[in-house]
Amino acid sequence: MKSTIKCIAAGFALMLLPAFGAHAAASCGEGTGQTATGEPIIIGAITGKTGPDDFSNSTRAAKAYFDCLNANGGIKGRPVQYLVEDDQWNPETATQLAAKLVDDRKAVLLVGNSSYVDCGANADFYKKSGILVLAGVGVPRECFFAANYAPTNAGPRVSMLGSMGYALDKLGAKSVVCIGPNIPNVGTWSCDGIISLSKEKGFKAKTILMDPGSADATSIILQAAAENPDVIILGLSKGVAVPLLTAAEEQGLNETIKFLSAASAYDLSVPATIGPGWDGKFFVNMEFNDLEATTQDNANWLAVMDQYGQPSDPRDTFAQAGYLAARIAEKALLSLDPSNITRETVSKAVQQVKGFKSDIFCAPWYFGEGQARHNANSTTRMAVSEAGKWKVVSDCTASPDPELADIRAYEKSAGIN
């Protein structure tokens, strides 16, 4: 299991060194330029930093934003004390750390969480404790099916269904093979979404689950190709997807089958790595905006990372997620009387967030007060590998995941998006 988790995590926790030039001055909070010196506001986070792989990109970006916020007046004079704990990819450790942050340190909110085990281990505890989690990166199903846990990312299933929708609408796909990892509540959950959509739309679908730690890339690709699909959709990390694409090109399948992927393969290094044989033939879903977009908020994210992060901190999709989680937390906190910031008042303020706009999101983010689960980010873009770079090829499009029926119904009833 450890080898499986390690390999699937490799692409989720990509360490992109900054490939960007200097950016404008970072903008945070009320922009006072004065360091906050009041009583600290305790905010926590749980991430999987050590163990099979480093999955802490989201919390690194959240920390950079909170540092920027504290340098610009904090929350009406009060600084955020951001406590990040490493669960080491161990559910028991995650449980102990949640109790430490919530019960011992009296955190009023958790922000930027990114972990494979936190959701399953602690969702019930968070609800019982009355604390909310503005997570950065949710991966397993449990992250999107908890009352007190709301990620800013779309998640692997919604992302894969975004690719499937593009394959149906733009590539004329009539048959598909979904390849996912055999990690509980990740691979099966994601590919089951494509199977469900196939029954609704009437196309042929097949699932192949693989152990990323031991599977032979060529045998997996040949197994998929034997189904004669129009498209193959990958729900795997970049570190696993690239060898599969290499094997496919060796078999000449890049000339006969279109390949697509969830956002886990959206990394600036991938187009050059897979080479020109995939130009116009490998499509990826984007949970957020183009990493190099010069739009106002995306540029601010990069400026925050440059000025308050570390040079080695990734500028990737998961860093975007942590930045957004921190900004949503800021919005909620700034709505409060600084003398009355408690877990209860903060939770109420977060629950009231209904139209958080950022050009990094396709659609405004909302918490969904009183809802049993949260998946506000479910509208995404697509990009294609072209000349060593990613080329955005679609406008923002709602994921066709049938499992989002309750989310869409709530949005309609609440007048959201």
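Where is the place of Asn-185? In this predicted model, Asn-185 is found in the loop that lies between strand E6 (175-181) and helix H6 (187-201). The residue is not a glycine, yet its phi is positive, at about 60°. Its relative accessibility is 34%, and Asn-185 therefore counts as partly exposed, since that class lies between the limits of under 20% for buried and over 50% for exposed.

A positive phi also occurs at Lys-106, where the value is about 60° although this residue is not a glycine. Lys-106 belongs to the loop between helix H3 (91-104) and strand E3 (109-111). Because its relative accessibility is 54%, Lys-106 counts as exposed; the cut-off for that class is over 50%.

Strand E6, which precedes the loop of Asn-185, is mostly covered, with seven of its seven residues buried. The side chains of the strand are divided between two directions: Ser-175, Val-177, Ile-179 and Pro-181 point one way, while Val-176, Cys-178 and Gly-180 point the other way. Residues of both sets are buried.

The pairing of E6 involves two further strands, E7 and E8. With strand E7 (residues 204-210), E6 runs parallel, and the two are joined by seven bridges. Within this pairing, Ile-179 has Ile-208 of E7 as its bridge partner. The connection between these strands passes through a helix: the chain leaves E6, continues through H6 and reaches E7, forming a β-α-β crossover that is right-handed. The pairing of E6 with strand E8 (residues 231-234) is likewise in the parallel sense and extends over four bridges. Here Cys-178 is matched with Ile-233, its bridge partner in E8.

A contact between helices was also examined. Two packed helices are described by the angle between their axes and by the distance between the axes. For helix H7 (residues 217-225) and helix H8 (residues 238-250), the axes come within 8 Å and cross at roughly 65°. The crossing of H7 past H8 is right-handed. On the side of H7, the contact is made by Ala-217, Thr-218, Ile-220 and Ile-221. On the side of H8, Pro-243, Leu-244, Ala-247, Ala-248 and Glu-250 take part. Grouped by character, the residues of this contact comprise seven nonpolar, one polar and one charged.

How values were computed. Residues are numbered from 1 along each chain as its sequence is written. This is a predicted model: local features need pLDDT of at least 70, side-chain atom pairs count only at pLDDT 80 or more; totals for chains, interfaces and linings use all residues. Side-chain values use heavy atoms; hydrogens and water are left out. Axes are lines fitted to C-alpha atoms, for helices over the stretch in contact, and angles run from 0 to 180 degrees between N-to-C directions. A crossing is left-handed if the near helix is turned anticlockwise from the far one by less than a right angle, and right-handed if clockwise. Contact means heavy atoms within 4.5 Å. Ala, Val, Leu, Ile, Met, Phe, Trp, Tyr, Cys and Pro count as nonpolar, Asp, Glu, Lys and Arg as charged, and the others, Gly among them, as polar. Buried means under 20% relative accessible area, exposed over 50%, partly exposed in between (1.4 Å probe, protein chains only). Two strands pair if DSSP finds at least two bridges between them. A crossover is right-handed if, with the strands pointing away from the viewer, the path from the first strand over the helix to the second runs clockwise.
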